[in-house]
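Please open the structure in your viewer and keep the selection panel at hand, since this tour moves from one selection to the next.

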Amino acid sequence: MLDVLALAAHPDDVELSCGGTIRLLVEQGRRVGIVDFTRGELGSRGTPAIREQEAARASEILGISARENLGLPDGNIENTDANRRLLIRSIRRYRPHVLLINAPDDRHPDHAAAARLSIEAAFYSGLRMLKTYDAGEPQAPHRPAHVLHYMQSVPFEPTLVVDVSSTWETRVKAMEAFSTQFYNPEHDEDGGPTTFISDPEFWNWIEARARTLGYRIGATYGEGFLYHHGPLGVTDLLATLGDRRV
């Protein structure tokens, strides 16, 4: 069982969007896992095999407990019964309390498609009459208690911002593990094409946004999340608000 499961259209989505939060949860003693939907085979840089190795290195850096890849086709993440059942098996296997998913709207069409698939799979995973099996054994229904979208290239007004100042450097190292995807002097000297995320200025933009989000909550760096289907219910108001005021 996991406390938090992060779902991603592509390997590197999680590291790029909420790697600081993931590492912070791990340091707080939480069990965290990642399920990547595709192998990123349509990417302009690197290969699926190399990205698999990069994802493994990033997982070690973040210290997560599990990672798997569903092998869905890159560029064609369809919200079908077969794909929902594939994802439901993972949700029921790990039984997370919190689900982190792709942004509801984004520059890359796969991200919004993955978010829709994630939302429906999370709901149907709780239906006891929907049968799935893992290694031949029937799975018990499970529906995550909370679903949050992490922020990608298209910004949104976040429901909450996590202070990741203490884990920012680890998040950067996890991103750097994907050396074929982001700016890397050695790779670019070999003639790797410049993409939206491999432009050297992309790093500056990522840091600038994290600093902007952090400043809004009185922190150095922050990562924003959109709570799906609010409002968020609380039982301890002061514990929820924390001990710091901007």
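In this predicted model, begin with the second largest pocket, whose lining divides into seven nonpolar, eleven polar and eight charged residues. The space in this pocket comes to about 520 Å³. To find its middle, select His10, Arg107, His108, His111 and Ile197, which are the closest to the centre of the pocket among the 26 residues that line it. Then colour H1 and H7, the elements that give two or more residues to this lining, and notice that H7, with four residues, has the largest share.

Stay with these helices and turn to the enclosed space. How many cavities of 30 Å³ or more does the count give? The count comes to one cavity, and the largest cavity has a volume of about 70 Å³. Rolling a probe the size of a water molecule over the atoms shows where empty space of this kind is left. Select the residues that line the largest cavity, among them Leu16, Ser17, Met151, Arg171 and Ile206, and add others from this lining, including Arg209, Leu213 and Glu223. Helix H1 (13-27), helix H7 (200-216) and strand S9 (222-227) each supply at least two residues of this lining, and H7 gives the largest share here, four residues. By character, the lining of the largest cavity divides into five nonpolar, three polar and three charged residues.

Next, select strand S2, residues 32-38, and ask how many of its seven residues are buried. Seven of the seven are buried, so that S2 is mostly covered. Strand S1 (residues 4-8) pairs with S2 in the parallel sense over five bridges, and Ala6 stands opposite Ile34 in S2. Follow the chain from S1 through H1 to S2, and you trace a β-α-β crossover that is right-handed. Strand S3 (residues 66-72) also pairs with S2 in the parallel sense, over five bridges, and here you can select Val35 and find Glu68 of S3 opposite Val35. While you look along these strands, keep in mind that in a regular strand the side chains alternate between the two faces of the sheet.

For the last stop, go to the loop between helix H5 (168-176) and helix H6 (185-189), where Thr180 is found. Is Thr180 buried or exposed? Thr180 has a relative accessible area of 7%, and because this is under the 20% cut-off, Thr180 counts as buried. Show the side chain of Thr180 together with that of Glu54, and you will find a polar contact between the two side chains at 2.9 Å.

How values were computed
Residues numbered from 1 in each chain as written. Predicted model: local features only at pLDDT ≥ 70, side-chain atom pairs only at ≥ 80, totals over all residues. Heavy atoms only, no water. 1 Å grid on protein atoms, 1.4 Å probe; cavity = no way out; pocket = protein on both sides within 12 Å on 5 of 7 lines; lining within 4 Å. Points joined across faces, edges and corners; volume = space filled by probe spheres on them. Nonpolar A, V, L, I, M, F, W, Y, C, P; charged D, E, K, R; others polar. Buried < 20%, exposed > 50% of the residue type's maximum accessible area, 1.4 Å probe, protein only. Polar contact = N/O pair within 3.5 Å; in protein donor to acceptor, adjacent residues only side chain to side chain. Pairing = 2+ DSSP bridges. Right-handed = clockwise from strand over helix to strand, strands pointing away.
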